[in-house]
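Please look over the sequence and the structure shown below before reading on. The report that follows takes up selected features one at a time.

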Amino acid sequence: MTDVAVPAAANAFASIKAPEEIVHEWAVALRSAMASRNATNVADFFQRDGVARDLLALAWEFRNAVGREEIAGLLTAPGSTPPVSLEVRAGNSATFAEEGGQVSLTSFLQFRTGHGGGLGHVKLVREEDGAWRAANFVLALDSIDTHPERHLDARPAGKTHGPVQDRLSWSEGLDRDFESHDPAVLILGAGHNGLMLAARLRALGVPALVVEQNERVGDNWRKRYSSLALHTPLASDHLPYLPFPSTWPRFTPKDKLGDFLESYATLLDLPVWAGTNVEATEFDAAAGRWNVDVRRADGSARRVSPRHLVFATGMNAAPNLPCLPGQDEFRGMVIHAVDYRGHAEWRGKRAVVVGSGVSGHDIAQDLAEHGVDVTMIQRSGTFVMNTSTFHAVMHANHVGGTYSTEEADLVNAATPFGALPAHGPKHVELVKAMDRELLDGLVEAGFELSDGPSGQGVLGLIFGQNATGYYYNAGASELIIDGTIKLRHGSVEGLTATGVVLDGGQSIEADLVVFATGYRGAPTVVREVLGDNIADRVGEFAMVGEDREYGRLWRRSGVDQLWFMVSLAIGDGRFYSKLLALQLAAMEAGTMPLTDPNG
């Protein structure tokens with residue numbers, strides 16, 4: 001046995017067993033306990049407040065549990081099938097850590113089921129009785145035997161060498177127009193979510209078509225305000241099979257992202273019909289297929305009949321733009337943030353930006369940096385942190401250098417969405433310590449800060465309330481502190497010929513008024529495309545439910561063969577696109593039931 005460098009408190013135990021051996025014995029024993037359906041034995045493998053998450057590994061569902069009794073019930077439930085094997089991932093080195101005198105051990109796992117294989121991650125903590133128990137445990141399906149992923153060593157040949165009668169060229173074999181057959185999956189929307197799912201399905205050999213109403217792939221980014229760039233770290237934003245080049249900017253500008261998405265679709269041979277609108281949809285229960293009538297860019301009509309229909313149209317629907325008294329009298333321009341195209345025509349003029357979230361800050365900064373007299377209207381408190389702090393606190397697993405992108409995704413997935421707000425107060429504490437100077441400056445400037453619901457910061461806002469009200473500072477905060485961006489508090493009650501009127505009668509002169517006031521939710525799009533009956537059945541699919549999972553995202557939606565590939569960020573889309581693609585492939589293979597047995 002090789003020597004292992006471990007924290008001092010672990011020396012006594014580590015001198016007996018290597019860390020990989022500890023994890024191996026724990027995993028093998030847990031699998032045996034699960035197979036015996038002994039809930040009492042299973043519970044003893046977890047800490048009292050442990051967390052476990054099962055992502056299609058033990059059942060065709062996303063499930064989680066908090067607390068050892070709940071975990072034991074999850075892992076021994078009649079609908080839960082124990083893995084055939086559970087062990088330390090090949091080539092993995094288990095890692096010791098020590099915090100506050102407590103020794104922990106983390107390791108990646110691999111498992112096999114009767115229909116595929118997957119990956120896992122566990123954090124074990126050595127308790128006072130000397131036993132190692134799991135604080136976090138996650139298993140996620142990664143492959144199914146019927147549809148091996150065609151990449152790396154299993155990639156397509158491109159051209160078969162040797163004589164082939166009636167050989168088709170690569171392009172001829174793609175059938176982008178689906179002239180000979182219908183796709184198994186129709187994806188509405190060619191943003192990053194729709195394209196990532198299409199790429200996953202192509203790698204699994206499942207025919208999928210993407211339709212996009214914009215003229216070009218990537219226009220959903222190109223048409224947004226000129227200063228827009230991703231706030232997330234590059235390490236969190238890679239797309240599957242085609243990561244960004246090593247020369248790529250750290251913060252991706254919106255036009256560059258649009259061009260990358262267009263290239264992504266081309267290079268990965270993804271069939272995309274751009275400039276295409278959906279005109280009618282219906283589900284043919286007898287045939288088990290959707291009938292979707294579309295109008296293509298050349299004006300031609302086409303009916304597409306896939307087994308599965310996927311909405312990948314984003315979290316946001318139509319913009320929230322209020323209708324205000326006096327709006328017809330205003331001699332300037334009133335727009336929503338989605339229609340802001342940049343500062344060029346406003347230099348030397350006056351602008352009011354209504355809203356103090358991400359878009360409001362970005363637009364106010366863009367205007368202020370280009371000679372526009374800008375006033376921001378703040379209606380309620382905003383949670384603020386520097387972008388560098390956002391990366392360090394909320395993207396630590398991706399930017400820390402310890403994990404690959406895929407490994408960081410899995411570690412993050414160990415905590416169910418509904419359990420994330422509980423970690424919020426610790427995040428808020430870290431943010432306040434790291435950004436104290438900035439936050440003090442904002443308060444002194446009159447900016448109203450918020451700690452989020454119950455002091456949970458961004459995690460409470462996003463995963464507790466499905467709300468915004470935060471800003472990752474990329475420079476606007478400094479302009480507020482030095483007075484370049486003026487600040488007023490209140491709500492816009494109306495407009496005059498020359499400006500806006502706030503509650504209380506305050507008035508502000510303006511040539512441009514930008515409402516950065518958010519959007520109607522994603523269910524609005526479903527209602528417009530599929531009608532009230534299906535929309536009512538699906539409900540608020542993009543909110544975290546009582547089971548701590550997003551209600552209808554990436555899994556069964558409550559309507560058979562209808563799916564939602566929607567995510568807050570590219571990283572979530574990258575991870576969950578694979579899980580959705582595996583479900584679709586398993587249904588095509590007959591491994592996963594086409595209809596919901598619980599529905």
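How many nonpolar, polar and charged residues does the lining of the largest cavity have? The lining of the largest cavity has three nonpolar, three polar and three charged residues. The model in which this lining is described is a predicted one, and that should be kept in mind throughout.

## Enclosed spaces

The structure holds four cavities of 30 Å³ or more. The largest cavity encloses about 50 Å³ of space, and the residues that line it are Arg-556, Ser-557, Gly-558, Val-559, Asp-560, Gln-561, Leu-562, Trp-563 and Asp-596.

In the second largest cavity there is about 40 Å³ of space, and its lining divides into eight nonpolar residues, three polar residues and no charged ones. Phe-383, Met-385, Val-393, Met-394, His-427, Val-428, Val-431, Gln-456, Gly-457, Val-458 and Leu-459 make up that lining. Two or more of the lining residues are given by each of strand S19 (383–386), helix H9 (387–394), helix H12 (424–434) and helix H14 (457–465).

## An open pocket

Apart from the cavities, the model also has pockets, and the second largest pocket has a volume of about 950 Å³. This pocket is lined by 35 residues, of which Arg-150, Pro-156, Trp-170, Arg-202 and Asp-269 are the closest to its centre.

Helix H5 (residues 192–204) provides the largest share of the lining of the second largest pocket, with five residues. Sorted by class, the lining of this pocket has 20 nonpolar, seven polar and eight charged residues.

## Helix H18 and Ser-577

Helix H18 runs over residues 570–589, has 20 residues, and reaches 28 Å from its first C-alpha to its last, which is close to the 28 Å expected at 1.5 Å a residue. The helix nevertheless has a kink of about 30°, centred on Tyr-576. Of the 20 residues of H18, 17 are buried, and the helix is thus mostly covered. Just after H18 comes Gly-590, where phi takes a positive value of about 80°.

One of the residues found in helix H18 is Ser-577. Is Ser-577 buried or exposed? Ser-577 counts as buried because its relative accessibility is 0%, a value under the 20% that marks the limit for a buried residue. When its neighbours within four places in sequence are left aside, Ser-577 is in contact with Met-196, Leu-197, Arg-200 and Met-565.

## Two residues with positive phi

Most residues other than glycine have a negative phi. Leu-56 has a positive phi, near 65°, and this residue is placed in the loop between strand S1 (46–55) and strand S2 (62–66). Leu-56 counts as buried because its relative accessible area is 1%.

Asp-175 also has a positive phi without being a glycine, with a value of about 50°. Its place is in the loop between strand S7 (132–144) and strand S8 (185–188), and Asp-175 is buried, with a relative accessible area of 16%. From C-alpha to C-alpha, Asp-175 and Ser-577 are 23 Å apart in space, while 402 residues separate them in sequence.

## A strand residue and a loop residue

Thr-375 is found in strand S18 (residues 373–378), where it counts as buried because its relative accessibility is 6%. Not counting residues up to four places away in sequence, Thr-375 touches Ala-351, Val-352, Val-353, Lys-486, Arg-488 and Ile-508.

Pro-325, by contrast, counts as exposed, since its relative accessibility is 54% and the limit for an exposed residue is over 50%. This proline is found in the loop between strand S15 (316–319) and strand S16 (333–336). Which residues does Pro-325 touch, not counting residues up to four places away in sequence? Pro-325 touches Glu-493, Gly-494 and Leu-495. The C-alpha atoms of Pro-325 and Thr-496 are separated by 8.4 Å, although the two residues are 171 residues apart along the chain.

How values were computed: Residues are numbered from 1 along each chain as its sequence is written. This is a predicted model: local features need pLDDT of at least 70, side-chain atom pairs count only at pLDDT 80 or more; totals for chains, interfaces and linings use all residues. Side-chain values use heavy atoms; hydrogens and water are left out. Helices (H or I, at least four residues) and strands (E, at least two) are DSSP runs, numbered from the N terminus. The expected span of a helix is 1.5 Å times one less than its number of residues. The bend at a residue is the angle between axes fitted to the seven residues ending there and the seven starting there. Buried means under 20% relative accessible area, exposed over 50%, partly exposed in between (1.4 Å probe, protein chains only). On a 1 Å grid over the protein atoms alone, a cavity is a set of points where a 1.4 Å probe fits but cannot get out, and a pocket is an open set with protein on both sides within 12 Å along at least five of seven lines; lining residues have an atom within 4 Å of a point. Grid points are joined across faces, edges and corners, and a volume is the space filled by probe spheres set on the points. Ala, Val, Leu, Ile, Met, Phe, Trp, Tyr, Cys and Pro count as nonpolar, Asp, Glu, Lys and Arg as charged, and the others, Gly among them, as polar. Contact means heavy atoms within 4.5 Å.
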